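Student: I should like to go through the terms used for this structure and see how each one is justified.
Tutor: Please put your questions once the structure is shown.

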Amino acid sequence: MHQRTLITAARNEGPYLVEWIAWHRMIGFDQIVVFDEPSQDQSTPLLDALAKAGVITRIDNADPDAAMDHTTRALNKAVNLPEVQGADWAMVLDVDEFLMVHTGDGSLDALLDATPEAQAISPCWRYFGDSGLTTFTDAPVTLQFTYAAPDAALKDNPHPGIKTLFRPAVANQLKPHRPILREAFQADPNFIWVNGSGDRFDTTLQQKGWRAPAGQDGRDLCEVHHYKIRSTESFVLQSLGTTLPGSDTQTYDASAYARFNCNEQHRPVMLPFTTRLAAQIETLMALPGVRDAHQACITIHADAISEMRTGLDLENPKDAVLWALLSPTPDQAEEFAPDDIPAVKHDDAAPRWLADLRRSKHRKGFYQSLPKCALQFSDRSSDILIVSFDNLSNVNDPALSRETWGYPFYRDEGWSHLGVLAFERYWYRDDDLFDAIEKLAKDGFFKGYKNVVLTGTSMGAYAATAFADLIPGCTVLAFSPQSTLHEKLVPWEERFNSGRKQDWSGRYADATRHCSKADQVFVVYDPYFEPDAKHAARYEGANIRFLKSWYSSHKSALFLRRAKILKQIMRDAVARKLTPARYYALYRTRRDLPWFLNGLADRLHAQGRDRLALRLAGWLSEHNHTAIAHKVKQRHPSGKTDKTNK
């Protein structure tokens, strides 16, 4: 019989599941029940792998017709599960909540030994902030974020919120913070319900409440560490109301960031468990399929954050505030943080390109700093040189560890790499940069390579095409490029306010006039996304190759990365094997990507093609895309007519 059962309802929590499960197994929960809501981050395969190994019980919580939220649906089912009713103790926690036992060896045994008569134990929250860490990283949450609310703040809202470890026999219904007691216990003066210090609550909590009654919070024996913020990037992504990164369906703003981002007190209380936790995590990762599934979740979250950064519109006041959280200046940090929170300082890690130049076998290179950008070169091969240009998503990244666009992939392939890091949203309209690249060309820098590939996306793709003629015979791989932002040349372009404000006279003002000396220029774009299609149409010449990335909108590079074909496309371009036929063969292998299928469904809906949409829904159902199929059926309840066929 399972003695201690932990229950959670998870959705889009993939990067955090292994650590959360490992921690709670380590402290003594021997049964973990995960209600799995259909997720966009591929966490279901991860949970399946853990369930097959006997680590957890996974319960499908999908119900597209349900009026209740996913947590309520899960807890209504959980109360009657044999894993709960057959346990001695049970607890409900979210994946951003960790039970921390302060007594004995930090185990459940130690906590229960300290409260032998209790029938319910309710530790309070302690909020942990981002610890000054902006970037989403694949590392344990409990070891990254070690700054938290101080003791003096814990009596204020929302810190006294409780979570409850309880005897299942007393529960009539489960709620996120506590069980609803059976009627016999609601007024029973002999019912023993204690706080995190082992002190008894008064009887008011037996009827209702999700917070410790005034003056009755306690944390001597245990508390719940609540990591609502995690990294700033993760918080901002959730603030945009996207489906990532976590289970919480509520969106937040900068005021919530200030409220929950508690960094006043350094509390590395979990660090003594580092070795044991690492061993538990590695044990789980070594199970069949777990490591690969975990990494897939990491990739999807990283892609979503990259897309989020690119998509923020600084002309929109809300987006501007969120951007300030991601890239705080000292003034902004003061504006958006509580007055009494001191700055959290961390040593800046060296970027990988610098570490490689110092410690790898490839030690030739340079870093040239310019007022608005920088050039970073790593020499690895006499045959291949990649020249990449940053896009908007990294422009305001202040971290010294920042890398040039695509650096890890180019390094792993062994290619030489010249990366241009942009520090402003200025579309590379920069005489200093023009002079620097022209000097490299004049000095013969590019002539020592068998193939030079220029690449970038959006703003970076403009630069890749604009500088192509400086390197005769090069290959260009441009994702969703702007040909120019000169208002007289593209009067229909209404995006990119900061770019359109630049000086578009002088050198390289129209990229379409600077591609004729390239061997091949591959323009990758979504033909259904009108602004990008118009830019693509401006590129003309025998060496222009159009590669269509349907339903990717302005995110063609991200789309192809999500489809897991971007790297192969780049390899083919480097080898001069990329052709439209080769590209479309790769593209067809990934047409079951949910992003593509959602785009196709949206287009059929816009066209009013009911019958074809319902045929698509049938195919989706047969191929395990039930959530998308349901959405299509809701939009097209009848397939009797197609408006386009009338």
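Student: Why does C474 count as buried or exposed?
Tutor: Buried means under 20% relative accessible area, exposed over 50%, and partly exposed in between, with a 1.4 Å probe and protein chains only. C474 has 1% relative accessibility, so C474 counts as buried. This is a predicted model, in which local features need pLDDT of at least 70 and side-chain atom pairs count only at pLDDT 80 or more, while totals for chains, interfaces and linings use all residues. Residues are numbered from 1 along each chain as its sequence is written, and side-chain values use heavy atoms, leaving out hydrogens and water.

Student: What is the burial class of C124?
Tutor: C124 is buried, because its relative accessibility is 0%.

Student: How many disulfides are there, and how do you know?
Tutor: A disulfide is a pair of cysteine sulfur atoms within 2.5 Å. By this rule the count is zero. For C124, the nearest cysteine sulfur belongs to C222 and lies 9.1 Å away, and C124 is in no disulfide. C474 is likewise in no disulfide, with the sulfur of C515, the nearest, at 8.4 Å.

Student: What makes T115 buried or exposed?
Tutor: T115 has a relative accessible area of 6%, and is therefore buried.

Student: Which residues is T115 in contact with, leaving aside its neighbours within four places in sequence?
Tutor: Contact means heavy atoms within 4.5 Å. T115 is in contact with I121, V194, G198 and L221, once those neighbours are set aside. From C-alpha to C-alpha, T115 and G198 are 6.0 Å apart, although 83 residues separate them in sequence.
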